Each structure stands twice: as C-alpha cells, then as structure tokens.
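User: Could you pick one part of this model and look at it closely with me? I am in my first year, so please explain the terms as you go.

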Amino acid sequence: MFGLSWPKKMTVDDFVGLPYREGGRGPDAFDCYGIVAAVFRALRGVELPDWYQDRPGPQGASRAISAALAGEVYGGRSVKVETPADFDIAIVGSKVRPHHVGVVYGGGVLHACREYGSIWQTFPRFAMTYPNVEFYRWQP
C-alpha cells in the first residue's frame, strides 16, 4: 500500500527511534498513524487504509484512524477491548474523533510523536502523557 520495501524481517524494536514527520509513512520517518499502518503491514500482513495521503492534516489523519477502526479495511474490523494485548490499537480521544494512535506491544505502546519521534512507553507513562485512551483489537 505504501510502496515500502522492508530490508529484513522487522520487529517492533526496529521502529523505535525513528524520526517523526507529519504524513510520514516510512521507512525512515513516521507520524502516529503511519507507524501503526507500517507495523500492521510489516508484522501482521494487514494493509490499513490511508486517507491521509488524499487529505493531509489532522482531519485526514483522524479520518484514516476512524476508518481503520470502523472496519473499512478489507477483511477485518476492530472491537473495543478493556484489557489490551500485543498488536491492539491504542486510541487517544475516541473512535469517532481520535487525535493520536499507537500499537500495544510488550506492556506498553509504540507510537510516533513530534517531540520524540517513534518511541515505546509503558502503559502508565502513555496514559499520563495521553489521557482518555481506548484500546481496539483488530479481528480478521
């Protein structure tokens, strides 16, 4: 979908430390939705939609996140969960009006932010930085 060619078998750790770039879809820089889409593509084999490319800016990013969670992806949908597991999606805001997103992994959340680029934070740290978090599980 993004025209990316990963040089090797990727792990979540390979995404940590990459710089932030609005609209970034990798492999060298990401925004928050770009890193979620890249992780799902590289590690789960799922192509998430990317309306941001057609409509850059916060509204486009919000639309892309909402559409992915609403099940506008061929072959799957998301279901809200109370207890997150690896590869669940962490949404800041709400499913209808998200403003930040990350991927749950190893007891924390991998996400990309302007201040630090792509980082992994424990659940308590992520929730302290981004209150009002909901978790969704992708189901094929």
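Analyst: Let's start with valine 92, whose opposite number in β3 is histidine 100. On its other flank, valine 92 has valine 133 of β6 as its bridge partner. Before we go further, please keep in mind that this is a predicted model, where local features need pLDDT of at least 70, side-chain atom pairs count only at pLDDT 80 or more, and totals for chains, interfaces and linings use all residues. Residues are numbered from 1 along each chain as its sequence is written, and side-chain values use heavy atoms, with hydrogens and water left out.

Valine 92 belongs to strand β2, residues 89-92. The names of elements come from DSSP runs numbered from the N terminus: helices are H or I runs of at least four residues, and strands are E runs of at least two. Two strands pair if DSSP finds at least two bridges between them. By that rule β2 has a partner on each side: four bridges join β2 to β3 in the antiparallel sense, and four bridges, again antiparallel, link β2 with β6 (residues 133-139).

We can follow the contact line with β6 residue by residue. Isoleucine 91 faces glutamate 134, and alanine 90 faces phenylalanine 135. Phenylalanine 135 is also the bridge partner of valine 81, a link that belongs to the pairing of β1 with β6, which are antiparallel and joined by five bridges.

What lies on the two faces of β2? In general, side chains in a regular strand alternate between the two faces of the sheet. Here Ile89 and Ile91 are on one side, Ala90 and Val92 are on the other, and all four are buried, so both faces of β2 are covered. (Buried means under 20% relative accessible area, exposed over 50%, and partly exposed in between, with a 1.4 Å probe and protein chains only.)

Now let's step back to the whole sheet. It is open, has six strands in the order β1-β6-β2-β3-β4-β5, and pairs in an antiparallel way. The edges are held by β1 (77-81) and β5 (117-122); each has a single partner strand, so one side of each is left without a neighbour in the sheet. On average, neighbouring strands are turned by 35° against each other, direction ignored. Helix α1 (residues 32-44) packs on this sheet and touches β2, β3 (100-105), β4 (108-113), β5 and β6. The direction of α1 makes about 35° with that of β3. For such angles, axes are lines fitted to C-alpha atoms, for helices over the stretch in contact, and the values run from 0 to 180 degrees between N-to-C directions. A contact means heavy atoms within 4.5 Å.

Another helix gives us a link back to valine 92. Alanine 127 sits in helix α3, and its C-alpha atom is 9.0 Å from that of valine 92, although the two are 35 residues apart along the chain. Alanine 127 is partly exposed, at 38% relative accessible area.

The loops on either side of this region hold two backbone details. In the loop between β1 and β2 we find phenylalanine 87, whose phi is near 75°, a positive value in a residue other than glycine. Phenylalanine 87 is buried, with 15% relative accessible area. Asparagine 132, in the loop between α3 (123-129) and β6, has a phi near 70°, again positive in a residue other than glycine. Is asparagine 132 buried or exposed? At 54% relative accessibility, asparagine 132 counts as exposed.

One more backbone detail lies earlier in the chain. Glycine 26 and proline 27 are joined by a cis peptide bond, with omega at about 5°, and proline 27 is in the segment before α1.

Finally, here is the wider setting for our strand. The protein has three helices and six strands, which run α-α-β-β-β-β-β-α-β from the N terminus on. Of its 140 residues, 50% count as buried. Among contacts with a separation of 6 or more, 52% come from residues 24 or more positions apart. I hope that helps you find your way around β2 and its partners, β3 and β6!
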